[in-house]
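Good morning, and thank you for coming. I would like to take you through the internal spaces of one model, and then turn to its surface.

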Amino acid sequence: MDNRGRAKRMSTVVTAAASSSTTSAKETNPVSANNVEKKKSGRKSLAVTAAARKRSPSPPKRKPSPARRASPARRASPARRASPARKASPARKASPARKPKAATDTAATTTATKATESVKISPEEPRRSQRIRASEEKVDTVLQSLKKSPVDKRLSVIKDDAEVSGIMGGRSGSTLSRSMTPNVSHRSHAITPTTGTERSRATVSRSMSVLQDYSDHEDDADFQSFRRTNDNGIGDKARFTSRHMQQQHEQQVEFGGALGATAMLFALPLFMFVTNHFCSGVHRDCRFVVPNSWAEFSTLSTYVNKEIATFYGVFVFGVALLTGLPVGKQVTLTNESHQPGTHIFNGMLVAFGATLTVFVTEYCYKYPLLSVLSRGYNQLLVLSLLTALLVALFAFVKSRNVATFELNRYGKTGNFLIDYFAGRQIDPTVLSVFNLKLITYHVSMILALLFNGIILYRNLHFAALPEQLVDAPVQERLLYSLQNCSCEPVPVAAAGLTVLYLLDLLAYEHHLAASFELQQEGFGALLLLRYAMFPFLVTLLPKYVAAHKLTNVPLWAVAVCVTIALVGLFVKRASMRLKYLYRLNPLGEKVACLETYPTFQGRRLLVAKWWRMVRQPNYVGDVLQNVALLPLLYWRFAWPPLLAVLFTVVLLAHRAKRLHRRNAEKYDSSWLRYCHTVPHLLVPRVY
């Protein structure tokens, strides 16, 4: 069939060339011209017919029948007469009638040979060839880019929040062609990133979506939006909208509504004040006793101290200035509202500046700052709690003029008590420079560092310098002091582990960028009260140990405490580092082969290493660090330090449950299957 088509096209070109040759031959040989005209009488010119055929759409080709192939008219057709094979046959060469047209046939044959090369492809073929070449070039480009990628053999494409929002918003600029295709098969029911090349499909990232079947707790109603209905999905959409509105209404009462918020606003400050009051001053035994006289609670000096107020005001102002400096580690991540947020973390710089200021004040200006802080411990607690409540009120008023996407979805109920307690805004700033959440975080960390630094310093005993070393160089005096230093082992271990805990939080402060605390927690009374209470919670047990020395504690018990604290530090930092690196760059070399669980929202949940054991391993490490010093209470028990540690543990467990509920509402059935894969929240095989 294709040969016949080519023969027809070649005959068209040959006939056109022959017509031009015949025209010139008419002038030289009138007889030949007349003969040609007689043969073509009553028939249109083939050149005109060919041009018309090119303009008109080609009719569908049909398969010739055997009778048509044997037809005498087909054998005598112009195409067969102009065929090169027919010209080259011995019968045609020996024919005397063809001799006068030898020159014409030679020219026509040459023209036909050239035309054959130019008409081998039909009018549709060039466009198809261009598409094929463009597709091949695109595939080659993709393969070259994959060869250059260091993680090509391990990972294809992992989408994160920022990339998903970019795709949904129509942004371009990525080399690979990415698509998010929901897999609604029996085993997956999850969004799986795909690419357009066989190479990327062969190197798809490892996902837990192929490892688990449905969870027994899944509800068929979760998949209503994927079902076909007679009303084009209008009924399902209405049901989904009403269900979504009902969920949002339930989300507004996260802490028990207005009643729960009011109770916690009174209970948290009261608990913190009572616990610390009975472990300070005359209550060195750290016991809850009914006071013989209530005069101490009715005296204003019990709560307010002018000297402490001045120190606290200068301290907060200095920390705010150091936090606002554009010096530190800058991290940009997409928040829950799919908006890029940039933070500068300089906690170690703030700690160094505060420590240097205290040293200059104490030893250069001879101001007894350490003694002032020790005497005004309770007054500083009261001042911190009052400041937290006032700042929460300021943040509530300020949030009236911010954009909707900056608001906390759990703090915009319209009820003052709920919104004031939960916080209307997630990440407020002043003058676009001073981040209020980071400032209060630094104030809390540095104040706790000062308290425990004072305890550590006072339990280290340095020998007096001999007369011959008074005028010696500084390095010799320091060496002599270190060689002749003695200490109280239990207080030093307690304060030293707490200082290590705080320095770790400040050194790896940038890991907060991917944490619940910075990404989702509202800037309200709850967060600010926790920041105000934190320095006194972590200091209460070292303070109690330092007050009573606990000299009867054996060294093996101290070693157990140190081991538990170091294990907790390692677990927390390793898990937080893994989460931070993955959220920062899911295509990074260090997180390329991590197992993840895809969701319909485009986010992937980590199911690797520490995150495979429990759902919140970072909280597990934090809990271990807080309970590491509890064995010391076996040799001298007291309720206030125990309650302070248990309160911290309950607070972390409650935050883990809050995060679990939020993820269940956000990811729906995907979170249920993820919990079926990682069933335990904090303690493997227990809870």
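Let me begin with a term: a cavity here is a set of points, on a 1 Å grid over the protein atoms alone, where a 1.4 Å probe fits but cannot get out. Please keep in mind throughout that this is a predicted model.

How many cavities of 30 Å³ or more does a search of the whole structure find? The search returns six. I shall discuss the largest and the second largest.

The second largest cavity holds about 190 Å³ of space. Fifteen residues line this second cavity, and those nearest its centre are Thr498, Val538, Gln625, Asn626 and Leu629. Helices H23, H25, H28 and H29 each contribute at least two residues to that lining, with H25 giving the most, namely four. Which classes of residue make up the lining of the second largest cavity? There are 11 nonpolar and four polar residues, and no charged ones.

I now move to the largest cavity, which encloses about 520 Å³. Its lining comprises 29 residues, of which Leu505, Leu512, Glu517, Asp622 and Arg655 are the closest to the centre. Seen by class, this lining has 15 nonpolar, six polar and eight charged residues. Several helices supply at least two lining residues each, among them H21 (436-458), H24 (516-519) and H26 (555-584). The helix that gives the most to the lining of the largest cavity is H29, with five residues; H29 spans residues 639-667.

Next, a contact between distant parts of the chain. Glutamine 601 sits in the loop that joins strand S9 (596-598) to strand S10 (604-606). Its C-alpha atom is separated by 6.9 Å from that of tyrosine 667, although the two residues are 66 apart along the chain. Is glutamine 601 buried, partly exposed or exposed? With a relative accessible area of 33%, glutamine 601 is partly exposed, because partly exposed covers the range between under 20% for buried and over 50% for exposed.

Finally, the surface. A nonpolar patch there is formed by Phe352, Leu356, Phe359, Tyr363, Tyr457, Phe462 and Leu482, which together have about 770 Å² of accessible area. Helix H17, covering residues 347-364, gives the most to this patch, with four residues. Phenylalanine 352 is found in H17, and its relative accessible area of 56% makes phenylalanine 352 exposed.

That concludes my presentation, and I thank you for your attention.

Technical notes:
Residues numbered from 1 in each chain as written. Predicted model: local features only at pLDDT ≥ 70, side-chain atom pairs only at ≥ 80, totals over all residues. Heavy atoms only, no water. Patch = residues over 30% accessible without salt bridge, like charges linked within 9 Å, V, L, I, M, F, W, Y side chains within 5 Å. Areas by Shrake-Rupley, 256 points an atom, 1.4 Å probe, with all protein chains shown as cover. Salt bridge = Lys/Arg side-chain N within 4 Å of Asp/Glu carboxyl O. Buried < 20%, exposed > 50% of the residue type's maximum accessible area, 1.4 Å probe, protein only. 1 Å grid on protein atoms, 1.4 Å probe; cavity = no way out; pocket = protein on both sides within 12 Å on 5 of 7 lines; lining within 4 Å. Points joined across faces, edges and corners; volume = space filled by probe spheres on them. Nonpolar A, V, L, I, M, F, W, Y, C, P; charged D, E, K, R; others polar.
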